[in-house]
Amino acid sequence: MNERGITERDNVSVESVFPRLEALLPKVQKPIQYVGGELNAVVKNWEDTVVRWALMYPDAYEVGQPNQGVQILYEVLNELPDVLAERTYSVWPDLEKLMREHKVPQFTVDAHRPLGAFDLFGVSFSTELGYTNLLTALDLAGIPLEARDRDETHPVLVAGGHAAFNPEPIADFIDAAVLGDGEEAVLEITEIVRAWKLEGCPGGRDELLLRLARTESVYVPKFYDVDYLPDGRIQRVVPNRADVPFRVHKRTTMDLDAWPYPKKPLVPLAETVHERYAVEIFRGCTRGCRFCQAGMITRPVRERSITTIGEMVDNGLKESGFSEVGLLSLSSADHSEIAEVARGLADRYEGQNVGLSLPSTRVDAFNVELADELTRGGKRSGLTFAPEGGSERIRKLINKMVTEEDLIRTVVTAYKGGWRNVKLYFMCGLPTETDEDVMQIARLAKNVIQAGREATGTRDLKCTVSIGAFVPKPHTPFQWAPQADVETVNRRLKALKAAVVADKSIGRAVGVRYHDGEPSMVEGLLSRGDRRVGAVIRKVWEQGGRFDGWSEYFSYRLWMDSAAEVLPGFGLDVEWYTTRERGEAEVLPWDHLDSGLDKEWLWQDWQDAVNEVEVEDCRWTPCFDCGVCPTMDTQIQIGPTGKKMLPLIVKQVVG
């Protein structure tokens, strides 16, 4: 050990694997995704740093590269002079096969260093369907799949993202999990690892994990034991040592203006799902949609000021060269100054071929003025509205306070504003749903088209109905709800499509897109699973499971066969985790992980849902006592600020 914190871990080979990788690339599809070298990528000297992170979004480069969370953490960490952060993504099966044959380990795209050489391996899960890809990366890296088999020569695996709010199904595979916002969390973890290394790594890996657990905001599964009742339900989850907290709390980053990231967005070399400069205009949502885990776990609402948004967009476009700006949030049109933001950006970039988009737009927040500003640059990006439920009854149940009149008025506004194709998103399989609730979607789509034709005088209008199968999620009022079985979901979706096709009055104006219910059943198993589900994940992976979020690779039969082989050993089956309704007193696998939401409040909201009682947005009404603000010592941060966006300085062209 020397003064820079060099330990046995630092003696692991850190030579670039690119010379060996390069020989394989002509044999695979889309080789450019593995070469790195993007604009704004960072490569540091290994020897000049003390703490080294590898960050992963467990999917292909084209999906993972634009991920906002990973890009922010990458930049925050690399701003520290003695810290290094690089990125790694899932490799496609064609390259995986060649890497195994030629003994090329999982690598980072920045400097092509082997994953196993890093101190920390941070993985961001926005969906549970990335779990098998994590195991592939670990195995290719030569890192033991199970945390209990790792020692000081292996990276500490830290999971984050929305799926980390119930990390129990992957508890065997991860060393730690962070709930909530990552900006400050990664800095705290980095400081703990730096101090531990500089002290000579006292107590080894266990001591480091213990220091992380003592923060009360990093969950280390190995320090918690789970006891079960004879019927398979959880009896309790308790620490197995006295110096570990009983509950682990989520992190909440306040004052987003102090964290204006990404400042230098990564510009992809290969085609990706999003190619734009994205600025998160606010975080959190208090609309109270009962199905929405993202809205529940990211409370409270924290807005970025109009001036910071303007500065970020100006800088981000200069640093990237992108021609589209995405104003991101769970419901972007709810920003208290969204009209001023859109107008300010439209004024600034008029005539400069810069497009604005709101990827997430509420039906009741879209208006003519906003439509005009979004199209002033001459570009019309896709416009999606999410009524979620086909019938008024279901929309009350899920607390999506949108009437049919609201929806028609909003879509007609879009058609009159020049959009010709509007996408409507719904869910199938919601609690208490009937066949008729789903068939109402067809009637709604027909009414939207007819109203649009009358308002615009043209028949050249389209409405694409996209439907997803509902999956109950932890930390929501629906966490107790039974999930609809695959057969019911598939039957309703087929009947809906047949009804749309059979209606000659709308011809081809309405398109219906949906995924079968099979992937949702697997997602349901993983989202509300406990540690016993980990054995199913491993069995699926051992049998070749990869890229479960991709229809061409997903195998429902593989998941069901693996579950049928593993779960009976615990006296359980897939239905026990998915289609079974939970009772109020049941200990849920994530109850020891504190999202700030009071469990009694969630239960009462579940009862309100069944009784079709709607709840207002607490941004504009008195507090409903969900528990987040007092528990997390936070508060809602919203405008309006009354400030103007920084003006654009027009350069004079001298003739």
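This is a selection-by-selection tour of a predicted model.

**Stop 1: the nonpolar cores**

Select Trp 53, Phe 121, Ile 189, Ile 537 and Trp 559. These residues have the most contacts inside the largest nonpolar core, which has 95 residues. In soluble globular proteins, nonpolar side chains tend to be buried together.

Now centre on Trp 559. What is Trp 559 in contact with, leaving aside its neighbours within four places in sequence? The list is Thr 132, Val 522, Leu 526, Val 536, Ile 537, Val 540, Asp 548 and Phe 554. Ile 537 is thus on two lists: it is a contact of Trp 559, and it is among the residues with the most contacts inside the core. Apart from this core lies another, of 66 residues. To find that one, select Phe 366, Ala 371, Cys 428 and Cys 463, which are among its members.

**Stop 2: helix 5**

Thr 132 from the Trp 559 list is also part of helix 5, where it is buried. Select residues 131-141 to show the whole helix. Is helix 5 mostly covered or mostly open? It is mostly covered, with ten of its eleven residues buried. The buried residues include Tyr 131, Asn 133, Leu 134 and Leu 135. Further along, Thr 136, Ala 137, Leu 138, Leu 140 and Ala 141 are buried too. Step on to Gly 142, which follows the helix. Its phi is positive, near 75°.

**Stop 3: the parallel sheet**

Show strands 15, 16, 17 and 18. They form an open sheet in the order 15-16-17-18, and the pairing is parallel. Which strands are at the edges? They are strand 15 (383-388) and strand 18 (510-514), each pairing on one side only. Look across the sheet: neighbouring strands are turned by 25° against each other on average, direction ignored.

Zoom in on strands 15 and 16. Strand 16 covers residues 421-428 and pairs with strand 15 in the parallel sense over four bridges. Pick Leu 383; its bridge partner in strand 16 is Val 422. Cys 428, in the 66-residue core, falls within the range of strand 16.

Next add helix 14, residues 435-456. It lies across strand 16, strand 17 (462-469) and strand 18. Against strand 17, helix 14 runs at about 160°. Cys 463, another member of the 66-residue core, falls within the range of strand 17.

**Stop 4: salt bridges**

A search of the whole structure finds 55 salt bridges. Side chains of opposite charge can pair when their charged atoms come close. Visit three of the pairs.

Start with Lys 30 and Glu 62. Their side chains meet in a salt bridge at 3.1 Å, N to O. The pair links distant parts of the chain, 32 residues apart. Lys 30 sits in the loop between helix 1 and strand 1, while Glu 62 belongs to helix 2 (residues 61-64). Glu 62 counts as buried because its relative accessible area is 15%, under the 20% cut-off.

Move to Arg 233 and Asp 231. The closest N and O atoms of this salt bridge are 2.7 Å apart. Arg 233 is partly exposed, at 30% relative accessible area. Asp 231 is also partly exposed, at 40%.

Then take Arg 283 and Glu 280, which form a salt bridge at 2.8 Å, N to O. Arg 283 is buried, with a relative accessible area of 9%. Glu 280 is buried as well, at 16%. Add Asp 181, Glu 183 and Arg 302 to the selection: salt bridges that share partners join them with Glu 280 and Arg 283 into one network.

**Stop 5: backbone details**

Select Tyr 261 and Pro 262. A cis peptide bond joins them, with omega about -5°. Pro 262 is in the loop between strand 9 (248-249) and strand 10 (277-280). Now go to Gly 639 and Pro 640, where the peptide bond is cis with omega near 5°. Pro 640 is in the segment after helix 21 (628-632).

Two non-glycine residues with positive phi are next. For Asn 40, phi is near 80°. Asn 40 lies in the loop between helix 1 (18-22) and strand 1 (51-57). Lys 30 is in that loop too. For Asp 625, phi is near 60°. Asp 625 is found in the loop between helix 20 (599-610) and helix 21.

Which of the two is buried and which is exposed? Asn 40 counts as buried, at 18% relative accessibility. Asp 625 counts as exposed, at 58%.

Note on methods
Residues numbered from 1 in each chain as written. Predicted model: local features only at pLDDT ≥ 70, side-chain atom pairs only at ≥ 80, totals over all residues. Heavy atoms only, no water. Core = buried A, V, L, I, M, F, W, Y, C linked by side-chain atoms within 4.5 Å. Buried < 20%, exposed > 50% of the residue type's maximum accessible area, 1.4 Å probe, protein only. Contact = heavy atoms within 4.5 Å. Salt bridge = Lys/Arg side-chain N within 4 Å of Asp/Glu carboxyl O. Pairing = 2+ DSSP bridges. Axes fitted to C-alpha atoms, helices over the stretch in contact; angles between N-to-C directions.
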